[in-house]
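Colleague: I am new to reading protein models and would like to learn how to go from one residue to the whole picture. Could we work through a case together, step by step?

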Amino acid sequence: MLAGLLSGLEVFLPIIDGSVEIPRGLFAALSGAATCAAFISRILAQKGVSDADQ
């Protein structure tokens with residue numbers, strides 16, 4: 001579920017880029033953090049699925 005929420009955040013952040021006043025550096029940091037957290041969540045979710053058979 002967390003992986004899905006973070007993936008949605010990855011899509012949502014660029015959409016609000018022009019609407020909300022966020023400094024460029026902060027926006028880049030938020031986007032990078034969301035992407036990294038989503039990546040890690042996907043790996044953990046996949047590992048959990050593969051361990052379910054055991």
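Modeller: Let us start with Gly 4, which is found in helix 1, and keep in mind throughout that this is a predicted model.

Colleague: Is Gly 4 buried or exposed, or does it lie in between?

Modeller: The way to decide is to look at the relative accessible area, where buried means under 20% and exposed means over 50%. Gly 4 has a relative accessible area of 49%, and therefore it counts as partly exposed.

Colleague: How far is Gly 4 from Ala 38 in space, C-alpha to C-alpha?

Modeller: Here one compares the distance along the chain with the distance in space. Gly 4 and Ala 38 are 34 residues apart along the chain, yet their C-alpha atoms are separated by 7.8 Å. A second pair of this kind is Met 1 and Arg 42, which are 41 residues apart along the chain and have their C-alpha atoms separated by 9.6 Å. Met 1 itself is found in the segment before helix 1, and with a relative accessible area of 86% it is exposed.

Colleague: How many helices and strands does the chain have?

Modeller: The chain has two helices and zero strands. Helix 1 covers residues 2-16, while helix 2 covers residues 24-51.

Colleague: What span does helix 1 reach, and what span is expected?

Modeller: One takes the first and the last C-alpha of the helix and compares their separation with an expected rise for each residue. Helix 1, with its 15 residues, reaches 21 Å, which is close to the 21 Å expected at 1.5 Å a residue.

Colleague: Which residues of helix 1 are buried?

Modeller: A general idea helps before we look at the list. An α-helix has 3.6 residues a turn, so residues three or four places apart point the same way. In helix 1, the buried residues are Ala 3, Leu 6, Leu 13 and Ile 16. Over the whole chain of 54 residues, 15% count as buried.

Colleague: What does Ser 41 touch, if we leave out residues up to four places away in sequence?

Modeller: Ser 41 is found in helix 2, and on the terms just described it touches Leu 2, Ala 3 and Leu 6. Ser 41 has a relative accessibility of 13%, so it counts as buried.

Colleague: Which residues are in contact with Glu 10, leaving aside its neighbours within four places in sequence?

Modeller: Glu 10, which is found in helix 1, is in contact with Ala 34, Thr 35, Ala 38 and Arg 42. With Thr 35 there is also a polar contact between the two side chains, at 3.3 Å. In addition, the C-alpha atoms of Glu 10 and Ser 31 are 6.6 Å apart, although these residues are 21 residues apart in sequence.

Colleague: How many salt bridges does a search of the whole structure find?

Modeller: The search finds one salt bridge. It is formed by Arg 42 and Glu 10, whose closest N and O atoms are 2.7 Å apart. This pair links distant parts of the chain, since Arg 42 belongs to helix 2 and Glu 10 to helix 1, with their positions 32 residues apart. Both partners fall in the middle class, for Arg 42 is partly exposed at 33% relative accessible area, and Glu 10 is partly exposed at 24%.

Colleague: Which residues make the nonpolar surface patch?

Modeller: Phe 39, Ile 40, Ile 43 and Leu 44 make a nonpolar surface patch of about 410 Å²; of these, Ile 40 has its place in helix 2. For the chain as a whole, the accessible surface comes to about 4,100 Å², and 70% of that belongs to carbon and sulfur atoms.

Technical notes:
Residues are numbered from 1 along each chain as its sequence is written. This is a predicted model: local features need pLDDT of at least 70, side-chain atom pairs count only at pLDDT 80 or more; totals for chains, interfaces and linings use all residues. Side-chain values use heavy atoms; hydrogens and water are left out. Helices (H or I, at least four residues) and strands (E, at least two) are DSSP runs, numbered from the N terminus. Buried means under 20% relative accessible area, exposed over 50%, partly exposed in between (1.4 Å probe, protein chains only). Accessible areas come from the Shrake-Rupley method with a 1.4 Å probe; for residues, only the protein chains shown count as cover. A salt bridge is a side-chain nitrogen of Lys or Arg within 4 Å of a carboxyl oxygen of Asp or Glu. The expected span of a helix is 1.5 Å times one less than its number of residues. Patches are made of residues with over 30% relative accessible area and no salt bridge: like charges are joined within 9 Å, nonpolar side chains (Val, Leu, Ile, Met, Phe, Trp, Tyr) within 5 Å. Contact means heavy atoms within 4.5 Å. A polar contact is a pair of N or O atoms within 3.5 Å; within protein, one must be able to donate a hydrogen and the other to accept it, and residues adjacent in sequence count only if both atoms are side-chain atoms.
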